[in-house]
Amino acid sequence: MDEADQRLNHATLAQLARAGAVTEIRAIGRSGGWLLVVSFGAQSGACLCAQRSREPRLFARFESLVSYLKGLKVDRFVVEASRFEAKAAPSRRRPDRAEALRRVHRAAAIETPLPPKLHAALLEADAPAAQWLSHKDLKREWAAARATFASEEASS
């Protein structure tokens with residue numbers, strides 16, 4: 001297959017699509033997904049590849065492929081489904097990792113209590129009799145304290 005020899009990354013495809021240089025896009029069915037093969041200018045059949053691995057990018061779901069192309073403002077493409085074989089896509093969920101993170105968070109909550117001063121401050125702030133200052137009042141108090149401090153410094 002000659003399109004596997006020529007590679008195209010997302011950034012280049014996006015530029016070509018914006019410039020209107022793409023002459024044809026084919027979605028080719030394979031075992032377990034869909035490849036995108038792009039023709040532009042004198043180039044016929046460059047395969048869209050993954051960013052890091054430079055391997056041909058395989059879209060597991062046709063809906064994902066369509067969404068990807070719509071994001072590039074491409075609404076017409078050719079579908080070649082003769083060699084498509086649906087496979088159960090491997091699950092990307094990691095329930096083992098989710099449970100491991102839950103255990104870590106539970107352990108951290110138990111093993112590392114809050115510092116005593118912070119704990120006391122939180123209790124005081126949550127108390128029903130807690131008195132709160134508005135930002136304006138707090139600024140006024142600090143301005144008065146700074147003025148007092150400045151006058152004490154000047155007189156010494």
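Biologist: How do you know that the structure holds 0 disulfides?

Modeller: A disulfide needs a pair of cysteine sulfur atoms within 2.5 Å. The sulfur of Cys-47 has its closest cysteine sulfur in Cys-49, 7.4 Å away, so that is too far for a bond. One caution: this is a predicted model, where local features need pLDDT of at least 70 and side-chain atom pairs count only at pLDDT 80 or more, while totals for chains, interfaces and linings use all residues. Residues are numbered from 1 along each chain as its sequence is written, and side-chain values use heavy atoms, with hydrogens and water left out.

Biologist: Why is Cys-47 called buried?

Modeller: Buried means under 20% relative accessible area, exposed over 50%, and partly exposed in between (1.4 Å probe, protein chains only). Cys-47 has 1%, so it counts as buried. Cys-49, with 3%, is buried as well.

Biologist: And what makes Leu-118 partly exposed?

Modeller: Its relative accessibility is 41%, so it falls in that in-between class. Leu-118 sits in helix α4 (residues 116-126). Together with Leu-114 and Leu-122, Leu-118 makes a nonpolar surface patch of about 250 Å².

Biologist: What makes the largest nonpolar core?

Modeller: A nonpolar core is a set of buried Ala, Val, Leu, Ile, Met, Phe, Trp, Tyr and Cys residues joined through side-chain atoms within 4.5 Å. The largest one here has 18 residues, and Leu-36, Tyr-68 and Leu-69 have the most contacts inside it. β3 gives the most to this core, with 4 residues.

Biologist: Which residues does Leu-36 contact, leaving aside neighbours within four places in sequence?

Modeller: With contact meaning heavy atoms within 4.5 Å, the partners of Leu-36 include Ile-25, Cys-47, Phe-59, Tyr-68 and Leu-69.

Note on methods
Patches are made of residues with over 30% relative accessible area and no salt bridge: like charges are joined within 9 Å, nonpolar side chains (Val, Leu, Ile, Met, Phe, Trp, Tyr) within 5 Å. Accessible areas come from the Shrake-Rupley method with a 1.4 Å probe; for residues, only the protein chains shown count as cover. A salt bridge is a side-chain nitrogen of Lys or Arg within 4 Å of a carboxyl oxygen of Asp or Glu. Helices (H or I, at least four residues) and strands (E, at least two) are DSSP runs, numbered from the N terminus.
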